[in-house]
Amino acid sequence: MTERCHGDTRPPAGPRARTAIVLAAAALLAATSAAFLPTTASAGTTLGASAAEKGRYFGTAVAASRLSDNAYTTILNREFNMVTAENEMKMNATEPQQGRFSYGAAEQIVNHARSRGMSVRGHTLAWHSQQPGWMESMSGSALRQAMLNHVTQVATHFRGQVVAWDVVNEAFADGSSGGRRDSNLQRTGNDWIEAAFRAADAADPNAKLCYNDYNTDNWTHAKTQGVYNMVRDFKARGVPIDCVGFQSHFNNNSPYVSNYRTTLSSFAALGVDVQITELDIQGAPANTYRSVVEDCMAVPRCNGITVWGIRDSDSWLASQTPLLFNSNGSKKAAYDAVLAALNNGPAVPTTAPPTSVPPTTAPPTTAPPTTAPPTTPPPGGGCSATLQDSTRWGDRFNSQVTVSGASNWSVVVAVTPPQKVSATWNGSPSWDGSGNVMTMRSNGSGNVFGFTTMANGNWTRPQVLSCTAS
Ligand code: G3I
């Protein structure tokens, strides 16, 4: 098996690319950190910011066709720090004819996300559904080979741009069997799933590799147990699996259940990250959304939540009005409940849970940042900025910058190599060529912005270099 690599050791495509990769590394590796400190007093004001402050991500499914809709992208860019292509990375989209790959729509989404500091979950490399016509009619070893080639080609194409892949989607049967779903892929042999994971691992050793399914939320269901047993077996045999995605499409026939937290924590105890990957809830009851987020926050290895669309009108189930924004883009009560649950929840506790995955960052080699007096920046053109330390984990720390004297501001902050900024909130960041100097511009979110720095062994506190009013 290719050794799973948990840091970004490849040459980055650019400072923002590096940021996107490391953001996910921060969120996805949170559980391997070491020491628990109180959370920051400041509450985030957007879903992504609030999740990032707690060492997690908050994402959404995005349709390429909607990226030209201003109201849509305004919410997307403001609220989310993880993106999943709703349909554009599926097999029928990326290999419409055998051996001829088509990445245009997927790249539109990837570029939109990464150029704005959001990370990307890949969905999905192998699935019985949404196969291209040529694949639907294949079987046996030809199909197995075609599937593996697809996994290899697509994962290689997006190598370094996708932080986690749903390698295999929906391979288990509904009902009481607890077994595999019948499909052309399943008929190539029961080992098709692990073969897909090994191919993805070889193609992109740095991406987190997930198994993703629906109706696996209720711990007592046979399907949940079937997936659990597969993951336990994969971990025991060294099949390269890093995470399990719970789609969590909740509706009246498949409602949220109170043992959901048990499900998440039981899978996490196998040594995988767990992620809520396609959340929507019929009618969007605020209390249920709150419970789902609280359940994730209670599980250290639940490192991210993705809702399956932005506004109700964007949903595959629009008539169920299952999302956080109504069709005119207004926040619903469920939004407020989710934001509050993120802000009230614990930061990722940093005592590593028992796992076979080794920690990826060395312990601090220099003194960690303390709550020293705020940095006083050099005088700028009409504003000043002060930096304060906030949450610290075993591998990274958050800083908060308060700006006074201007509402339209631009603050330049430097981190010390090999430190890297891995997440930001409440501002629009850009980086110089080195990736060590960040210019944060106001984006209407107020006068306090924050960022996460991956220490990479150096705990020097970032410096505010200037504040300029514009
Ligand atoms: O783009 C075509 C359009 O040109 C055509 O006129 C129209 C006519 O039907 O179809 C359009 O494509 C549709 C596509 O969504 C884009 O809107 C497909 O028919 C439709 O089948 C497809 O549905 C997607 C569904 O997966 C397919 O299985 C949904 O958008 C998407 O939200 C949904 O996502 C899945 C996850 O991948 C896996 N988990 C379940 C989840 C919900 O079903």
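**Figure 1. Two low-confidence stretches of the predicted model.** In this predicted model, residues 1–41 keep a pLDDT under 50 throughout. The model nevertheless has 126 contacts beyond four places in sequence for residues 1–41. Residues 351–378 also have a pLDDT below 50, and this stretch has 57 contacts in the model beyond near neighbours in sequence. For the chain as a whole, the mean pLDDT is 85, with 84% of the residues reaching 70 or more.

**Figure 2. The whole chain, for orientation.** Here we step back before moving in again. The chain holds 12 helices and 17 strands, and 59% of its 470 residues count as buried. Among contacts between residues at least 6 apart in sequence, 76% join residues at least 24 apart. The accessible surface of the chain comes to about 16,600 Å², and carbon and sulfur atoms account for 51% of that surface.

**Figure 3. The largest nonpolar core and its separate companion.** In soluble globular proteins, nonpolar side chains tend to be buried together. The largest nonpolar core here has 92 residues, and the members that touch the most others are Phe58, Trp165, Val168, Phe197, Tyr289 and Leu324. Helix α8, residues 192–203, gives the most to this core, with eight residues. A second core of 18 residues is separate, and it includes Val421, Met438, Met440 and Phe451.

**Figure 4. The surroundings of Trp165.** Which residues does Trp165 touch, not counting residues up to four places away in sequence? One group of them is Gly122, His123, Thr124 and Leu125, and another is Ala207, Lys208, Leu209 and Cys210. Met89, Val154, Ala155 and Phe158 complete the list for Trp165. Two of these residues, His123 and Thr124, are joined by a cis peptide bond with omega near 5 degrees. Thr124 belongs to strand β3, residues 119–127.

**Figure 5. Tyr103 in its loop.** Tyr103 is found in the loop between α4 (91–94) and α5 (104–114). Is Tyr103 buried or exposed? Its relative accessibility is 12%, so Tyr103 counts as buried, the cut-off being under 20%. Leaving aside neighbours within four places in sequence, Tyr103 is in contact with Thr94, Gln153, Val154, His157 and Phe158. Tyr103 and His157 are 54 residues apart along the chain, yet their C-alpha atoms are separated by 8.8 Å.

**Figure 6. Helix α10 and what covers it.** Helix α10 spans residues 260–268. Its buried residues are Tyr260, Thr263, Leu264, Ser266, Phe267 and Ala268. The cover over these buried residues includes two helices, α9 (222–237) and α11 (286–297). Strands also take part in the cover, including β6 (243–246), β7 (249–250), β8 (273–281) and β9 (302–307).

**Figure 7. Two buried loop residues with positive phi.** Most residues other than glycine have a negative phi, and most peptide bonds are trans. Glu170, in the loop between β4 (164–169) and α8, has a positive phi near 55 degrees. Glu170 is buried, with a relative accessible area of 10%. Ser248, in the loop between β6 and β7, has a positive phi near 60 degrees. Ser248 is buried too, with a relative accessible area of 0%.

**Figure 8. The open sheet β10-β11-β16-β13.** Four strands make up this open sheet, and their pairing is antiparallel. β10 (384–392) and β13 (420–425) stand at the edges with a single partner strand each, so one side of each has no neighbour in the sheet. Neighbouring strands are turned by 25 degrees against each other on average, direction ignored. Five bridges join β13 to the antiparallel strand β16, residues 448–454, and Ala423 stands opposite Thr452 in β16. The loop between β12 (409–414) and β13 holds Pro418, and the peptide bond from Pro417 to Pro418 is cis, with omega near 10 degrees.

**Figure 9. The open sheet β14-β15-β12-β17.** This open sheet has four strands with antiparallel pairing. Which strands stand at the edges? They are β14 (428–431) and β17 (463–469), each with a single partner strand, so one side of each is left without a neighbour in the sheet. The average turn between neighbouring strands of this sheet is 20 degrees, direction ignored. β14 and β15 (residues 437–441) run antiparallel and are joined by four bridges. Ser428 has Arg441 in β15 as its bridge partner.

Key. Residues are numbered from 1 along each chain as its sequence is written. This is a predicted model: local features need pLDDT of at least 70, side-chain atom pairs count only at pLDDT 80 or more; totals for chains, interfaces and linings use all residues. Side-chain values use heavy atoms; hydrogens and water are left out. A nonpolar core is a set of buried Ala, Val, Leu, Ile, Met, Phe, Trp, Tyr and Cys residues joined through side-chain atoms within 4.5 Å. Buried means under 20% relative accessible area, exposed over 50%, partly exposed in between (1.4 Å probe, protein chains only). Contact means heavy atoms within 4.5 Å. Two strands pair if DSSP finds at least two bridges between them. Axes are lines fitted to C-alpha atoms, for helices over the stretch in contact, and angles run from 0 to 180 degrees between N-to-C directions. Accessible areas come from the Shrake-Rupley method with a 1.4 Å probe; for residues, only the protein chains shown count as cover. pLDDT is the predictor's confidence in each residue, from 0 to 100.
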